[in-house]
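Trainee: I have a model open and would like to learn how its labels are justified. Could we go through some of them together?
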Amino acid sequence: MVAADSMCNLRLAAEDEILGVLQGTAIGRRAALLFDGSSQSGLESIARIALLRRNVRLQSQVRIDGVGRVDLLIGERLVLELDGKQWHVGAGYEEDRRRDLALVSLGYLVVRVAYRQVIENWREVEHQLLTIIRQREHLRTPSGRKVGDRR
């Protein structure tokens, strides 16, 4: 699914083409349920699929006014941002901090996870996210929330 999501995001194949191929087999039809062409990175796909398998309700690439798109929105207010290696220095790093501050000021909870945490230590990340979810902190509506449409 990571490859399928990436192919769609990079416009190497259209969403309907990918889904058409997946529909050709029983395992592909099950996998198609996890496909999300809006996913903007492999890390995002990995985290999204892992959380969906835990029955976590989430949305990909949600637009939030004053912030832009966030990688994953879990419930009403838990934002999960997944940072590849390129986002640890420079202007991207500064912009991420600006976005985090804006999100927190709107009442969102922001969790930023690095590449190595997803690839090498996902179990711990998932455990901590599920702890937040069990506390139901993700369900409160953020104050002043203004969410645009997906994609």
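Mentor: Gladly! Let's begin with a term: two residues are in contact when they have heavy atoms within 4.5 Å. In this predicted model, residues 24 or more positions apart account for 60% of the contacts with a separation of 6 or more.

Trainee: Which residues is Asp100 in contact with, leaving aside its neighbours within four places in sequence?
Mentor: Those are Val110 and Arg112. Asp100 itself lies in helix H5, which covers residues 90-105.

Trainee: Why is Asp100 called buried?
Mentor: Buried means under 20% relative accessible area. Asp100 has a value of 14%, so it counts as buried. For the whole protein, 42% of the 151 residues count as buried.

Trainee: And why does Met7 count as partly exposed?
Mentor: Partly exposed is the range between buried, under 20%, and exposed, over 50%. Met7 has 36% relative accessibility, so it counts as partly exposed. You'll find Met7 in helix H1, residues 2-9.

Trainee: What makes Met7, Leu10 and Leu12 a nonpolar patch?
Mentor: A patch takes residues with over 30% relative accessible area and no salt bridge, and nonpolar side chains such as Met and Leu are joined within 5 Å. At 36%, Met7 passes that area cut-off. Together, Met7, Leu10 and Leu12 have about 320 Å² of accessible area.

Trainee: How many helices and strands does the protein have?
Mentor: Six helices and five strands. From the N terminus on, they run α-α-α-α-β-β-β-α-β-α-β.

Key. Residues numbered from 1 in each chain as written. Predicted model: local features only at pLDDT ≥ 70, side-chain atom pairs only at ≥ 80, totals over all residues. Heavy atoms only, no water. Patch = residues over 30% accessible without salt bridge, like charges linked within 9 Å, V, L, I, M, F, W, Y side chains within 5 Å. Areas by Shrake-Rupley, 256 points an atom, 1.4 Å probe, with all protein chains shown as cover. Salt bridge = Lys/Arg side-chain N within 4 Å of Asp/Glu carboxyl O. Helix = DSSP H or I, 4+ residues; strand = E, 2+ residues; numbered from the N terminus. Buried < 20%, exposed > 50% of the residue type's maximum accessible area, 1.4 Å probe, protein only.
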